[in-house]
Every structure is written in C-alpha cells, then in structure tokens.
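This report looks at side-chain contacts and surface exposure in one protein chain. Please keep the sequence and the structure in view while reading.

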Amino acid sequence: MTTPQKSRLGPLPYLIFSSRWLQLPLYLGLIVAQAIYVVQFVRELWHLVDATLFGHLPAGTADSAETTIMLTVLGLIDVVMISNLLVMVIVGGYETFVSRLKLDGHPDQPEWLSHVNATVLKVKLAMAIIGISSIHLLATFIKAASLDAETIKWQVLLHLAFVVSALALAFIDRIMQPGDKTAAH
C-alpha cells in the first residue's frame with residue numbers, strides 16, 4: 001500500500017498557509033476568558049445562595065428578595081450562554097480556521113462540529129447572541145420601573161437588530177446552499 005505524497009508548497013504559499021497558526025494565541029486567550037467566566041459564575045452563584053439562605057441582599061437595592069433572586073438567576077443564565085458562545089467560537093473557529101481537532105468517534109464530540117463551516121458558525125453565533133440579548137432584555141423589563149424609557153427603547157431596538165441580522169445570515173446561508181438545505185426536508 002502506498003501513501004499519497006504530500007504536495008510541496010513554495011515558500012510564499014507555505015508562509016501564507018502557515019499564518020493560520022497566528023490565531024492560536026487568540027483561541028488560547030478565549031480559553032482564559034472562559035475560565036474568568038467560570039469564576040464570575042461561582043461568584044454570582046455565591047451571591048444567590050447568600051441572598052436566598054441568609055437574606056443578605058445587595059446594599060443600596062430597593063428590589064425585593066424575589067426580584068433580586070430572579071435577576072441573579074438571569075445573570076447566571078447569561079454567564080452560561082456567553083460561556084457556550086465562547087465554546088462555539090473556540091472549538092468551531094479552531095476547527096474551521098486553524099487545524100482539525102480529530103475528534104471523530106469521540107463520545108463528547110459536539111453534534112454541530114461535524115458540519116461546521118464559517119457560515120454555520122456565524123448563524124450559530126448570531127443565535128447565541130440573540131439568546132444573550134433576550135436575557136438582558138428580560139432583566140431590563142424586570143427593572144423597567146427604575147430605568148428611563150429611552151434606555152429600554154434602545155435595548156429593544158438593539159435586540160431587534162440582532163434578530164434581523166441573524167435572520168439575514170440564515171437566509172443568505174439558505175440561498176447560497178439551496179441543494180443542501182432543501183434535500184434534508
């Protein structure tokens with residue numbers, strides 16, 4: 001059995017192709033950011049436990065215990081969703097733009113990773129951003145009495161801009177690859 005020979009690249013194509021490894025520190029930095037979000041999650045969780053079990057509400061807040069707990073839980077959900085977004089960018093981006101992770105057959109391989117490309121990654125990121133924005137908007141509505149109408153209006157408009165952008169990305173993906181999308185239905 002013969003193995004296929006690797007094609008030799010010239011110096012310039014080799015340099016250009018190898019430059020993808022310059023992204024590695026960026027993905028490592030996102031892993032550090034992920035660790036920071038874990039610390040943030042633990043801190044918020046401690047505040048939730050402290051407020052619930054010991055009744056220690058944050059100083060200077062006029063919110064009821066129920067509102068404080070609800071806002072803290074929304075903060076926890078927000079941290080988890082941002083952390084999920086980081087995982088998608090780290091794993092999907094590295095796999096798409098730097099090098100294969102060779103996870104085929106691994107029991108923990110994310111289902112979405114097997115068919116990820118730059119467009120799919122953008123749509124998934126847009127959907128995650130909409131989820132994160134939804135959590136922020138819900139927290140805004142809970143605190144609506146203490147916020148001015150202008151702030152609420154701009155948050156709603158920003159959320160709608162995220163929704164429209166995600167729909168546009170999904171639509172563009174669908175029209176660029178009509179055979180792949182319609183064959184699955």
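## A salt bridge within helix α5

E150 is partly exposed, with a relative accessible area of 41%. The model is a predicted one, and in it the side chain of E150 meets that of K153 in a salt bridge, with 3.5 Å from N to O. K153 is likewise described as partly exposed, its relative accessible area being 40%. Both K153 and E150 belong to helix α5, where they lie 3 residues apart, which is about one turn of the helix.

## The other salt bridge

How many salt bridges does a search of the whole structure find? The search finds 2, and besides the pair in helix α5 there is a salt bridge between the side chains of E95 and R100, at 3.3 Å from N to O. In general, side chains of opposite charge can pair when their charged atoms come close.

Are E95 and R100 buried or exposed? E95 has a relative accessibility of 12% and therefore counts as buried, the cut-off for that class being under 20%. R100, by contrast, counts as exposed because its relative accessibility is 57%, and the exposed class begins over 50%.

## Aromatic pairs around Y94

The structure holds 2 aromatic pairs. One of them joins W21 and Y94 in an edge-to-face arrangement, with 6.2 Å from centre to centre and 75° between the planes. W21 lies in the loop between α1 (11–18) and α2 (24–54), whereas Y94 lies in helix α3 (residues 65–98), so this pair ties together parts that are 73 residues apart in sequence. In the other pair, the ring centres of Y27 and Y94 are 6.2 Å apart and the planes stand at 85°, so that this pair too is edge-to-face. The pair of Y27 and Y94 also links distant parts of the chain, since Y27 is in helix α2 and Y94 in helix α3, 67 residues apart.

Which residues do the ring pairs link into a cluster? The cluster consists of W21, Y27 and Y94. Their exposure can be read residue by residue: Y27 is buried, with a relative accessible area of 9%, and Y94 is buried as well, with a relative accessible area of 16%, while W21 is partly exposed at 35%.

## A charge over a ring

A further contact with an aromatic ring involves a charged side chain. The charged end of R20 sits over the ring of F17, at a distance of 3.9 Å from the centre of that ring.

## A nonpolar patch and helix α5

Which residues make the nonpolar surface patch of about 440 Å²? The patch is made by F171, I172, I175 and M176. M176 is found in helix α5, which covers residues 149–176. The relative accessibility of M176 is 59%, and M176 therefore counts as exposed, given that the exposed class starts over 50%.

## V49 in helix α2

V49 is found in helix α2, and it is partly exposed, with a relative accessible area of 30%. Its C-alpha atom is separated by 10.0 Å from that of T72, and V49 and T72 are 23 residues apart along the chain.

Definitions and conventions. Residues are numbered from 1 along each chain as its sequence is written. This is a predicted model: local features need pLDDT of at least 70, side-chain atom pairs count only at pLDDT 80 or more; totals for chains, interfaces and linings use all residues. Side-chain values use heavy atoms; hydrogens and water are left out. Patches are made of residues with over 30% relative accessible area and no salt bridge: like charges are joined within 9 Å, nonpolar side chains (Val, Leu, Ile, Met, Phe, Trp, Tyr) within 5 Å. Accessible areas come from the Shrake-Rupley method with a 1.4 Å probe; for residues, only the protein chains shown count as cover. A salt bridge is a side-chain nitrogen of Lys or Arg within 4 Å of a carboxyl oxygen of Asp or Glu. Helices (H or I, at least four residues) and strands (E, at least two) are DSSP runs, numbered from the N terminus. Buried means under 20% relative accessible area, exposed over 50%, partly exposed in between (1.4 Å probe, protein chains only). Rings of Phe, Tyr and Trp (its six-membered ring) pair if their centres lie within 6.5 Å; planes under 30 degrees apart count as stacked, over 60 as edge-to-face and the rest as tilted. A charge sits over a ring if NZ of Lys or CZ of Arg is within 6 Å of the ring centre and within 35 degrees of the ring normal.
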